[in-house]
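Here are some exercises to work through with the structure open on your screen. Try each task yourself before you read the solution.

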Amino acid sequence: SVTDCRTIPAVFSRRVELSESDDGENSTVTFRYGLRSTAAEPLPFLWSAHPLLSVQPGTTVELPGVSRVRVAAVHGRSEMVVDAETSWPPGGEDRLVLPASGGWAAKLFARSTPEGRAVVTDPLRGEALEFQWDAGEIPWVGLWLNPGGFGPQGVPYYNLAVEPCLAAPDGLDRAVSEWKVAPILRPGEERTWRLTVVLREASS
């Protein structure tokens, strides 16, 4: 699909491709995106995937090659400071295991590693969701971690989002003026990027 954006002078495109492995065990969705500027001036912009997942305690999150993340927002974790870096994953393990009831929530961002991969595994269901991207195209990945620490009207959710993105944090104003990482399109310039999501059996 191709769309003339309503709020910015640009044309946005997205193509979705579905496929299965030859043995039928893996299902793959590939998203291909493009943005072309129709502005007369340089155009800063921000794009982020936002697959909000309903997960359960024991779900694991892996970011291969990532050892540091930057905090964009946090609730209930005094050791995390907004705009500061912290180690990933917390506790020094090779993956984060979501607790039964953490009572906290955090939005974190990391620079993409050359591998460009994130894996969410549900050991009880025996399934894994793997996100794959080219770090040259998508230089950041965001994580929304919410094991029962944030929700409307005092009723917390238990959810998770893995968000490969072109800039950080979530607001374009902050990406431009504070973190200073927002990409900029010249008049008439186009940028393309691709995100692949694979549903497969969890590794034993």
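Before you start, one definition: rings of Phe, Tyr and Trp (its six-membered ring) count as a pair if their centres lie within 6.5 Å. Planes under 30 degrees apart make the pair stacked, over 60 edge-to-face, and the rest tilted. Also keep in mind that you're looking at a predicted model.

**Exercise 1. The ring cluster**

Task: Find which residues the ring pairs link into a cluster, and sort out how Tyr33 pairs with Phe31 and Trp47.

Solution:

Step 1. Start with the whole structure: a search turns up 8 aromatic pairs. Take Phe31 and Tyr33, whose ring centres are 6.3 Å apart with 15° between the planes. That angle is under the 30 degree cut-off, and this pair is stacked.

Step 2. Now go from Tyr33 to Trp47: 4.8 Å centre to centre, with 50° between the planes. This pair is tilted.

Step 3. Look at where these two sit. Tyr33 is in strand E3 (residues 27–37), while Trp47 is in the loop between strand E4 (43–44) and strand E5 (52–54), so their pair ties together parts that are 14 residues apart in sequence.

Step 4. Put it together: ring pairs link Phe12, Phe31, Tyr33, Trp47 and Trp193 into a cluster.

**Exercise 2. Buried or exposed?**

Task: Decide whether Tyr33 is buried or exposed.

Solution:

Step 1. Tyr33 has a relative accessible area of 11%.

Step 2. Buried means under 20%, so Tyr33 is buried. Its partner Trp47 is buried too.

**Exercise 3. Walking across the sheet**

Task: Work out in what order the 8 strands of the open sheet are arranged, and which strands are at the edges.

Solution:

Step 1. Trace the order, which is E1-E2-E3-E16-E12-E11-E6-E9, with antiparallel pairing. The edges are strand E1 (2–4) and strand E9 (96–97), each of which pairs on one side only.

Step 2. Step from strand E2 (residues 10–20) to E3: they're antiparallel, with 11 bridges. Val16 has Phe31 in E3 as its bridge partner.

Step 3. Next, E3 and E16 pair over 10 bridges, again antiparallel. Here you meet Tyr33 from the ring cluster, standing opposite Trp193 in E16.

Step 4. From strand E16 (residues 190–201), 7 bridges take you to E12, and these two run antiparallel as well. One spot to check is Gln132, whose bridge partner in E16 is Thr196.

Step 5. Then comes E12 (residues 127–133) with E11 (residues 117–122), antiparallel over 6 bridges. Ala118 has Phe131 in E12 as its bridge partner. These strands form a hairpin with 4 residues between them, and Gly126 in the turn has a positive phi of about 70°.

**Exercise 4. Charges over rings**

Task: Find which rings Arg70 and Arg77 lie over.

Solution:

Step 1. Arg70 is over the face of Trp179, 3.9 Å from the ring centre.

Step 2. Arg77 has its charged end over the ring of Trp104, 4.5 Å from the centre.

**Exercise 5. The cavity**

Task: Say how many cavities of 30 Å³ or more the structure has, and what lines the largest cavity.

Solution:

Step 1. The search finds 1 cavity of that size, and the largest cavity holds about 40 Å³ of space.

Step 2. Its lining is made of Leu63, Pro64, Val66, Arg111, Ser112, Thr113, Gly116, Arg117, Trp133 and Val141.

Step 3. Sort these by class and you get 5 nonpolar, 3 polar and 2 charged residues.

Definitions and conventions. Residues numbered from 1 in each chain as written. Predicted model: local features only at pLDDT ≥ 70, side-chain atom pairs only at ≥ 80, totals over all residues. Heavy atoms only, no water. 1 Å grid on protein atoms, 1.4 Å probe; cavity = no way out; pocket = protein on both sides within 12 Å on 5 of 7 lines; lining within 4 Å. Points joined across faces, edges and corners; volume = space filled by probe spheres on them. Nonpolar A, V, L, I, M, F, W, Y, C, P; charged D, E, K, R; others polar. Buried < 20%, exposed > 50% of the residue type's maximum accessible area, 1.4 Å probe, protein only. Lys NZ or Arg CZ within 6 Å of the ring centre and 35° of its normal. Pairing = 2+ DSSP bridges.
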